[in-house]
Amino acid sequence: MARSYCWVVIETRPYVVLSCATSADGYLDDASQQRLILSGPADLDRVDELRAGCDAILVGAGTIRKDNPRLLIRDPRRRAARVARGLPEHPLRVTLTARGNLELPRPYVVYEGADLSLRAILQSLSERAVRRLLVEGGASVLGQFLTQDLGNELHLAVAPFFIADPRAPRLDLQAVPPSGRMTLAETRRVDDLVLHRYLLGPGGPDQRFLRWAIELSRQCPPSKTAFSVGAVIVSEDGVVLSTGFSREQEDQDHAEEVALRKLGADPRLRRATIYSSLVPCGARASRPVTCVQHIIAAGIPRVVYAWNEPPLFTAGDGAAQLAAAGVDVTEIPDLSAAAQSVNAHLGRLP
């Protein structure tokens, strides 16, 4: 009699990206009634791309009252790409208001009340199928997400000038975030601004990089015959060397394979860690070389993963093969449900 298997998918809250631009001395705006534009065209395009990859954008009521932001995707190609994926042309717009006296020029989902719970709001948005939430302000809302450790990433663009006015708004942190020091994932020049991309949340670098790998897996083209997996390769000194996700470049691609292909023969791999949402495959039907073999050949000494492969397509013994080859293998089962949720379309195992 054939055995049947199934996995339990636990609903998780949205992946939260916090985004803001500041002056070199840390101000979000000046003290005037006019909106200060900190970003140039290239950074505004970066934010447009970021918005296009999100299901919802959240701003506080104060931001709406002062700036009346459109919160729309400007590039028609990005809008068309969303529609082609079966998504609305623009992300859902969300706001929070304590007083409720808010005139909205366009449709929003409004959470109103003096004692709003951000955790409850995130759960509500999750029930609306929001998997990736972009928080764009203002100072109080960003500060609350940071203080309560509810962000997964902080995108901080720093402009090359000073404001030096104590009346001007800065991030309104009520306390130091409990997770402490952030994990730097990227530093990039955008025109004359510098973008810092930090990973946030509890658990330190291992859990943060692994959450990022899980988030990458959401970019996989859909398939009913393969898992959706994300991978991140990080050097010994914390530099992100490469990322990849299943089917990113070719139909049969696995995430680890893509990330390694982008790097080639890089000597830093011999002291690196690869983070994968699913344990690297120890057997595969589509290609002769498994991800385990790719990792061993590259000399990567450490693998961190979230979810053990269920026996849907092949036997899931990749972790045992890696350990037998002397690779340090770490499983973080607390993130297993998040990795599984991305693959919920595969349904019940045979």
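This report describes a buried serine, an enclosed helix and two cysteines in a predicted model.

## Basis of the description

Residues are numbered from 1 along each chain as its sequence is written. In this predicted model, local features need pLDDT of at least 70, side-chain atom pairs count only at pLDDT 80 or more, and totals for chains, interfaces and linings use all residues, while side-chain values use heavy atoms, with hydrogens and water left out.

## Ser276

Ser276 belongs to strand S11, residues 273-278. Strands (E, at least two residues) and helices (H or I, at least four) are DSSP runs numbered from the N terminus. Ser276 counts as buried because its relative accessibility is 0%; buried means under 20% relative accessible area, exposed over 50%, and partly exposed in between, with a 1.4 Å probe and protein chains only.

The side chain of Ser276 reaches the backbone oxygen of Leu278 at 2.6 Å. Leaving aside residues up to four places away in sequence, Ser276 touches residues including Leu210, Glu256 and Tyr305, where contact means heavy atoms within 4.5 Å.

## Helix H5

Helix H5 (residues 139-147) is largely enclosed by the rest of the structure, because 7 of its 9 residues are buried. Among them are Val141, Leu142 and Phe145. The buried residues of H5 pack against strands S1, S2, S3 and S5 and against helix H4. Asp149, with a positive phi near 60°, follows H5.

## Cysteines

The structure holds 0 disulfides, a disulfide being a pair of cysteine sulfur atoms within 2.5 Å. For Cys20, the nearest cysteine sulfur is that of Cys54, 15 Å away. Cys20 is buried at 8% relative accessible area, and Cys54 is buried at 0%.

How values were computed
A polar contact is a pair of N or O atoms within 3.5 Å; within protein, one must be able to donate a hydrogen and the other to accept it, and residues adjacent in sequence count only if both atoms are side-chain atoms.
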